[in-house]
Amino acid sequence: MDDKELEFFKNLLNERLKDLISHADETVNEMTIPKDNFADPTDRASHEAERSFELRIRDREHKLIKKVKEALTRIENNTYGICESCGDDISIARLKARPVTTQCIECKTRDEVMEKALGI
Ligand SMILES: [Zn+2]
């Protein structure tokens, strides 16, 4: 990967990170608004469901933030775009579709087939 491509992905990942962090903040702010004045138990139940849904989304966001940060570290270390399984270059098209990926399509596909076969 040349410097221009590396720069492109660095910007892309930084933008993604900014979006994720600002969205994560919004979710936290919404959750800190007191909503405990539910007289109706049905309201309370749906509120609980909503809350656990939000927590799951937050959990996913946190994982994604971690992945984006790791990808940015790989850019700094000059290991970005290299498959962690076979050491080959990951195609630019694949990186554009999924900038946080750590595996080339061949390894990813092989792992997925294996996971399915093993029932993981
Ligand atoms: Zn590979």
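A residue is called buried if 20 or more other C-beta atoms lie within 10 Å of its own, exposed if 12 or fewer, and partly exposed in between, with C-beta atoms placed from the backbone. By that rule, buried residues make up 9% of the 120 residues in the protein.

Before you start clicking, two notes will help. This is a predicted model, in which local features need pLDDT of at least 70, side-chain atom pairs count only at pLDDT 80 or more, and totals for chains, interfaces and linings use all residues. Residues are numbered from 1 along each chain as its sequence is written.

**Stop 1: the whole chain**

Show everything as a cartoon and color it by pLDDT, the predictor's confidence in each residue, from 0 to 100. The mean is 89, and 88% of the residues reach 70 or more. Among the elements, helix 3 has the highest mean pLDDT (96) and helix 1 the lowest (86). Where pLDDT is low, the predicted coordinates should not be read in detail.

You will find 4 helices and 0 strands, running α-α-α-α from the N terminus on. Helices (H or I, at least four residues) and strands (E, at least two) are DSSP runs, numbered from the N terminus.

Two residues are in contact if their C-beta atoms, placed from the backbone, lie within 7 Å. Among contacts between residues at least 6 apart in sequence, 58% join residues at least 24 apart.

**Stop 2: helix 2**

Now select residues 41-76, which form helix 2. The expected span of a helix is 1.5 Å times one less than its number of residues. For the 36 residues of helix 2 that gives 52 Å, and the end C-alpha atoms are indeed 52 Å apart. Helix 2 is hardly covered, with a count of 2 buried residues.

Pick K69 in this helix. K69 counts as partly exposed because it has 14 C-beta neighbours inside 10 Å. Add R16: 53 residues away along the chain, its C-alpha atom is separated from that of K69 by 9.9 Å.

Go on to E76, also in helix 2. E76 is exposed, with 9 other C-beta atoms within 10 Å. Its C-alpha is 9.1 Å from that of K10, although the two are 66 residues apart in sequence.

**Stop 3: the loop after helix 2**

Select N78, in the loop between helix 2 and helix 3 (92-97). Its phi is near 60°, a positive value in a residue other than glycine. N78 counts as exposed, with 10 C-beta neighbours inside 10 Å.

**Stop 4: the core**

Which residues form the largest nonpolar core? Select F9, L13, V68, A71, Y80, I90, L95 and C104. Helix 1 (3-32) and helix 2 are the elements that give two or more residues to this core. Domain 1 (1-80) and domain 2 (81-120) both contribute residues, so the core lies between them. The term nonpolar core means a set of buried Ala, Val, Leu, Ile, Met, Phe, Trp, Tyr and Cys residues joined through C-beta atoms within 7 Å, and the domain bounds come from an automatic or database domain assignment.

Center on I90, which touches G81, I82, C83, L95, T101 and C104, not counting residues up to four places away in sequence.

**Stop 5: helix 4**

Finish with residues 105-118, the 14 residues of helix 4. From first C-alpha to last, helix 4 reaches 20 Å, close to the 20 Å expected. Is helix 4 buried or in the open? The number of its residues that are buried is 0, so helix 4 lies largely in the open. Just after helix 4 comes G119, whose phi is positive, near 70°.
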